[in-house]
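The following exercises concern metal coordination and strand pairing. Please examine the sequence and the structure before reading the solutions.

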Amino acid sequence: MTIGLLKGVNKSGHKGWTTVKCSICHKDIDLFKAVDTGDAYYCPKCLANGREAFFCAADAKRLHYRCPYCGGELKPYYL
Ligand SMILES: [Zn+2]
Ligand SMILES: [Zn+2]
């Protein structure tokens, strides 16, 4: 999965793939809602490498916005 694919979700009109799981607590994160609520963070580096590195806002904060896999900076999920 690449960031390009992620951003293409809206354009292509696919509605099937809007929910991801937080990599830490496995809570469901609705990406469409998260665009408004800001309750989703992701690691661009890991996503580019095919790892589903999504985090809820609480865990992102706990991680000090650092990816636990690669140490990279987490980005808020906004389209
Ligand atoms: Zn979480
Ligand atoms: Zn990462």
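**Exercise 1.** Identify the protein donors of the zinc ion (ligand 2) and state the geometry of the site.

*Solution.* In this predicted model, the zinc ion (ligand 2) has as protein donors the SG atoms of C43, C46, C67 and C70, lying 2.3 Å from it. Next, consider the angles: the four donor atoms give values of 102 to 116°, and the site is tetrahedral. For comparison, the ideal angle for four tetrahedral donors is 109.5 degrees. Along the sequence, the donor residues follow the spacing C-x2-C-x20-C-x2-C. C46 belongs to helix 3 (residues 44-48) and C67 to the loop between helix 4 and strand 5; the pair therefore ties together parts that are 21 residues apart in sequence. Both C46 and C67 are buried.

**Exercise 2.** Determine which residues are the protein donors of the zinc ion (ligand 1), and how they are spaced in sequence.

*Solution.* The donors are C22 (SG), C25 (SG), C56 (SG) and D59 (OD), at 1.8 to 2.3 Å from the zinc ion (ligand 1). Their spacing is C-x2-C-x30-C-x2-D. C22 is found in the loop between strand 1 (19-21) and strand 2 (28-30), and D59 in helix 4 (residues 57-62), so this pair ties together parts that are 37 residues apart in sequence. C22 and D59 are both buried. The arrangement is tetrahedral because the four donor atoms subtend angles of 100 to 119°.

**Exercise 3.** Establish the strand order of the open sheet and its edge strands.

*Solution.* The order of the three strands is 4-3-5, with antiparallel pairing. Strand 4 (54-56) and strand 5 (75-76) are the edge strands, each pairing on one side only. Strand 3 (residues 40-42) is joined to strand 5 by two bridges; Y41 has P76 in strand 5 as its bridge partner.

How values were computed:
Residues are numbered from 1 along each chain as its sequence is written. Chains are lettered from A and ligands numbered from 1 in the order in which they are written. This is a predicted model: local features need pLDDT of at least 70, side-chain atom pairs count only at pLDDT 80 or more; totals for chains, interfaces and linings use all residues. Side-chain values use heavy atoms; hydrogens and water are left out. Donors are N, O and S atoms within 2.8 Å of the metal (3.2 Å for Na, K and Ca); water is not among the atoms, so sites may look incomplete. Four donors count as tetrahedral if all angles lie between 85 and 135 degrees; four count as square planar and six as octahedral if opposite donors are over 155 degrees apart and all others between 65 and 115; anything else is irregular. Helices (H or I, at least four residues) and strands (E, at least two) are DSSP runs, numbered from the N terminus. Buried means under 20% relative accessible area, exposed over 50%, partly exposed in between (1.4 Å probe, protein chains only). Two strands pair if DSSP finds at least two bridges between them.
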